[in-house]
Amino acid sequence: MVHIKDRAIARHSRIMSVGVYRPAREVPNSEIIEAIDSSDEWIKERSGIHSRRIAGDDESVVSMSVAAARTALTDAGISAEQLGAVICATVTYPFQTPSAATDIAMQLGAPKVPAFDISAACAGFCYGVGLASDMVRGGSADYVLLIGVEKLSDFTDPTDRGTAFIFADGAGAVVIGPSAEPGIGPTIWGSDATARDAIMMEPSWVDLRDPDSLGWPDIKMQGQTVFRWAVYQMAPVAQEALAAAGISAQELDAFIPHQANERIIDAMAKAMDLPTEVAIARDIRTSGNTSAASIPLAMDTLYRQGQIKSGDTALLIGFGAGLVYAAQVVQLP
Ligand code: UT7
């Protein structure tokens, strides 16, 4: 039998740095409400959102990613050539192929690095953390650049009452690399594909060829279905991630969930009985729901608010279209 040589690397991984990009234009609720017959009060009360950032024509999935990635690379002290992979989590890159990650890698000056996108919607960042961590631990990369990015404004109907006030734009990037101590706990992930029609981008690209097509593909969401799923199903997943990492809620410094709705964040924190000292990310108030970008953006905001520091222990959880979810405990960079 032929002997296949394998990399016999068994090492730990950690998040080394985080960088973000927030679009310049801040859009308050007052600019959204007329088209959806809503009010500032309703949006704040039902979602927690006060304002969001919406990218301009000069701010693309790739440009936002490159900006966030440059900060993450500088803070990690890693050059683009040292990267073993570039992973981009997004559902709003407007080209089916080639990937956003290859363009990002090229613009960072690393056009030879393995690069690919993952489509796991609002769970994309946590899917990516699990993937990158396993790549580093398994030896297929020393340093992985992971980006969560969305320009949801390109795929949101500004007259849709169920989505227009929620979705927004932005990018967050992390470098994941080797570590002497475990810096990323086991990823608890899965899907509930029987409910995959609860959030859909429709019609398909192919349907667009039909002259009677419904028009541009926008994201449609059965808000209440997703809300109930998130509130009742996601706290147990978060608790499983804590148990898998051998961490109790009392030992946590921060809870950084996907920023879907402030009421979902509150319900999860309550269901997990999080101590009041645990910092809870509420970046949704000024960033809206940026899908794959929401967790690194929320992490950045907690740093800027002085609520977390390097070395703190945080619980991350992402959930969304699929329906898919992923959670893990991490040591903050
Ligand atoms: O990121 C991916 C995962 N996504 C999520 O987790 C999102 C989960 N869902 C949600 O966050 C919430 O379902 C929404 C924020 C989208 C909607 O809040 P809701 O409390 O579920 O609203 P609803 O659809 O149950 O509507 C409640 C009421 C209805 O009026 P009646 O029937 O009670 O008179 C709606 O017609 O609010 C009305 N309504 C609105 N009113 C003002 C629905 N949308 C609006 C609106 N402005 N935009």
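## Thr163 and its loop

Thr163 sits in the loop between strand E6 (144-151) and strand E7 (169-179); helices (H or I, at least four residues) and strands (E, at least two) are DSSP runs, numbered from the N terminus. This is a predicted model, where local features need pLDDT of at least 70, side-chain atom pairs count only at pLDDT 80 or more, and totals for chains, interfaces and linings use all residues. Residues are numbered from 1 along each chain as its sequence is written, and side-chain values use heavy atoms, with hydrogens and water left out.

Is Thr163 buried or exposed? Thr163 is buried, with a relative accessible area of 0% (buried means under 20%, exposed over 50%, partly exposed in between, with a 1.4 Å probe and protein chains only). Skipping neighbours within four places in sequence, Thr163 is in contact with Thr156, Asp157, Ile219 and Met221, contact meaning heavy atoms within 4.5 Å.

## Thr92, another loop threonine

Thr92 belongs to the loop between strand E4 (85-89) and helix H4 (100-107). Thr92 counts as buried, at 0% relative accessibility. Beyond its neighbours within four places in sequence, Thr92 is in contact with Val61, Val149, Glu150, Lys151, Leu152 and Phe155.

Lys151 also has a polar link here: its backbone nitrogen lies 2.8 Å from a polar atom of the Thr92 side chain. A polar contact is a pair of N or O atoms within 3.5 Å; within protein, one must be able to donate a hydrogen and the other to accept it, and residues adjacent in sequence count only if both atoms are side-chain atoms.

## Around the ligand

Which residues come nearest to the ligand? Of the 21 around it, they are Ser38, Arg46, Gln224, Asn261 and Asn289 (a residue is near a molecule if one of its heavy atoms lies within 4 Å of it). Helix H2 (40-47), helix H6 (223-245) and helix H7 (262-271) each supply at least two residues of the shell, and H6 gives the most, with four residues.

On the polar side, an N or O atom in the side chain of Asn261 is 2.7 Å from a ligand oxygen atom, and a polar side-chain atom of Asn289 also lies 2.7 Å from an oxygen atom of the ligand. The protein covers 73% of the 950 Å² of accessible area that the ligand has on its own, with areas from the Shrake-Rupley method and a 1.4 Å probe.

## Tyr21 on strand E1

Tyr21 is in strand E1 (residues 12-21) and is partly exposed, with a relative accessible area of 22%. Its side chain makes a polar contact of 2.4 Å with the side chain of Glu59. Not counting neighbours within four places in sequence, Tyr21 is in contact with several residues, including Glu59, Met64, Gly170 and Leu297. Arg52 is 31 residues from Tyr21 along the chain, and their C-alpha atoms are separated by 13 Å.

## Two more buried residues

Thr301 is found in helix H9 (residues 294-304) and is buried, at a relative accessible area of 8%. What does Thr301 contact, leaving aside its neighbours within four places in sequence? The answer is Arg22 and Asp283. Thr301 and Phe319 are 18 residues apart along the chain, with 20 Å between their C-alpha atoms.

Ala110 lies in the loop between H4 and strand E5 (115-118) and counts as buried at 4% relative accessibility. Ala110 touches Ala80 and Ala105, not counting residues up to four places away in sequence. Ala180 is 70 residues from Ala110 in sequence and 27 Å away in space, C-alpha to C-alpha.
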